[in-house]
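Welcome, and take a moment to get settled before we begin. Let us walk through this structure together, one region at a time.

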Amino acid sequence: MISGSKNYNREELRQAFESVRKFSIELCEPLEIEDYVVQSMPDVSPARWHLSHVTWFFEVFVLAEALPGYKFYNEIYNYLFNSYYVQAGDRFYRPHRGLLTRPTVKEVIEYRNETDKRMLDFFNSASEELFNRFALFIDIGINHEQQHQELMLTDIKNVFSYNPLHPIYVKSEVADTSMPGKINFMEFPGGLFEIGHDGKGFFYDNEQPRHKKYVESFEIADRLITNGEYLEFLEDGGYSKPELWLSDGIATVDKEGWQSPLYWEKIDGEWWNFTLNGFRKVNSAEPVTHISLYEADAYARWLGARLPSEEEWEIAAGELKAEGNFVENCNWHPVPLNNSGRGLKQMFGDVWEWTRSSYSPYPGYKSAEGAIGEYNGKFMSSQMVLRGGSCATSVTHIRKYYRNFFYPHSRWQFMGIRLAKDIR
């Protein structure tokens, strides 16, 4: 289940709905028709599928539930565009999404437009009682679409990366190349802390219940690890030192042949990387990204440090505002730090920060009944928590309590490193 404690204003929610739906289409404007349909690996979905799935979500969880006798736009779409909601019906095999040439992109856009019209009709005509009953589910759909907007960007990047023509999503200027100052570690005293969402505003169910957690004193780095710093690990043979790696990590390195972050390539003695802005030389000042949990953990061990727990990260975030390099900045990539002041920096935006915490339920957590209860709880096994958002995340979507989660071998999202240390 996903939750929210606020009383919804109908007009504000309608504006948020229209804004998010519009932004999904704007993100696709740089694409050619051929780009919409390719699936480069099982974890990636075609852009066309994302556009359809988020639309299906509003049909299934709002319109079909709120309106008696609702007639679906196309019954087969319930099969094609369901993702993992077992209780909502059968699903098309995920790794084969890229094999579908129909419905066409044009038909998908028509599906979106008609569903938007039906949703706006609901906003305009629903009684107060009916609107209030489904306002939360509309908010869920809005936040759900924002998640898929981020996935659309990272998925199209993966698709483009296989093309020797090095397609450019959006061409932009290369960011500043001046290196940030040395890393400083900030100390936080241990104690008993309240962890989890405070119940104000929208939140996903995995961010609650709020609970007490005793945390030992710790130190956390004041900024992210850069490409240049990660290069030192790479050039020191970090990928060939099994003593630095978790067992599953070194096995993955051997199996996959990893020798660098995803999208890096060495040409004539220099490192290049593929970005949404094109193929260019690695900028040593940028935060390192497309790093697995295994690589982040090995790097931390190489420096005699470790990754923070998610509780440490949340404590350190404290009252910091969610400010940073988000999708609204239109950089489409992490950018170098331009703030040398004191305090924690880059806590939000740029890259999702791996923690050493497994994705598991907070004490007292219970999934909701029905298909909507499958949103988060069913994935609480074998995955790790990331915090803070990335350059592909919307600033209106992130908060310090947000718990993202991926398998430890995953690299195609904008994932990076912040270090922590014990205080002895």
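A good place to start is Glu310, which sits in helix H9 (residues 310-317). Bear in mind as you look that this is a predicted model. Is Glu310 buried or exposed? With a relative accessible area of 3%, Glu310 is buried, because buried means under 20% relative accessible area. Leaving aside neighbours within four places in sequence, its contacts are Thr355, Ser357, Ser358, Tyr362, Val385, Arg387 and Arg403. For a sense of scale, try finding Ser19 as well: Glu310 and Ser19 are 291 residues apart in sequence, and their C-alpha atoms are 31 Å apart in space.

Some of the contacts of Glu310, including Thr355 and Arg387, lead us to a pair of strands. Strand S12 (residues 352-358) and strand S13 (residues 384-387) run antiparallel and are joined by three bridges. On S13, Leu386 stands opposite Trp354. In general, strands of a sheet pair through backbone hydrogen bonds, either parallel or antiparallel. Widen the view and you will find an open sheet of four strands, in the order S14-S13-S12-S15, with mixed pairing. Its edge strands are S14 and S15, each of which pairs on one side only.

Between those edge strands in sequence there is a loop to visit. Ser410 is found there, in the loop that runs between strand S14 (404-406) and strand S15 (415-416). At a relative accessible area of 4%, Ser410 is buried. Not counting residues up to four places away in sequence, Ser410 touches Ile291, Ser292, Trp354 and Met415.

Trp354 has now come up twice, and it returns in the next stop, the nonpolar interior. How many residues does the largest nonpolar core have? The count is 110 residues, and those with the most contacts inside this core are Ile138, Tyr169, Trp245, Trp354 and Ile417. Helix H5 (residues 128-161) gives the most to this core, with 13 residues. Apart from it lies another core of five residues, among them Tyr365, Met380, Val385 and Phe405. In soluble globular proteins, nonpolar side chains tend to be buried together.

Next, look for the open spaces. The largest pocket has a volume of about 920 Å³. It is lined by 36 residues, and the closest to its centre are Tyr84, Arg94, Leu151, Phe405 and Phe406. Which elements supply at least two residues each to this lining? They are helix H2 (47-66), H5 and S14, with H5 giving the largest share, six residues. By class, the lining of the largest pocket has 14 nonpolar, 15 polar and seven charged residues.

The second largest pocket has a volume of about 610 Å³. Of the 24 residues that line it, Asn158, Tyr162, Trp258, Leu262 and Arg411 are the closest to its centre. H5, H7 and strand S7 (264-267) are the elements that give two or more residues to this lining, and the largest share, three residues, comes from H7. The lining of the second largest pocket divides into ten nonpolar, nine polar and five charged residues.

Helix H7 (residues 247-256) also holds Thr252. Thr252 counts as buried, at 17% relative accessibility. Beyond residues up to four places away in sequence, Thr252 touches Gly257, Trp258, Tyr294 and His409. Trp258, you may recall, is one of the residues closest to the centre of the second largest pocket.

From S7 we can follow the chain through two hairpins. S7 and S8 run antiparallel, joined by four bridges, and Ile267 has Glu270 in S8 as its bridge partner. The two strands form a hairpin with two residues between them, and Asp268 in the turn has a positive phi of about 50°. S8 then pairs with strand S9 (residues 278-281) in the antiparallel sense, over four bridges. Here Thr275 stands opposite Gly278 in S9, and this hairpin too has two residues between its strands.

Our last stop is helix H6 (residues 227-235), which is mostly covered: seven of its nine residues are buried. Among them are Tyr230, Leu231, Phe233 and Leu234. What covers the buried residues of H6 includes S7, strand S8 (270-275) and helix H8 (293-302). Just after H6, Gly237 takes a positive phi of about 80°.

Technical notes:
Residues numbered from 1 in each chain as written. Predicted model: local features only at pLDDT ≥ 70, side-chain atom pairs only at ≥ 80, totals over all residues. Heavy atoms only, no water. Buried < 20%, exposed > 50% of the residue type's maximum accessible area, 1.4 Å probe, protein only. Contact = heavy atoms within 4.5 Å. Core = buried A, V, L, I, M, F, W, Y, C linked by side-chain atoms within 4.5 Å. 1 Å grid on protein atoms, 1.4 Å probe; cavity = no way out; pocket = protein on both sides within 12 Å on 5 of 7 lines; lining within 4 Å. Points joined across faces, edges and corners; volume = space filled by probe spheres on them. Nonpolar A, V, L, I, M, F, W, Y, C, P; charged D, E, K, R; others polar. Pairing = 2+ DSSP bridges.
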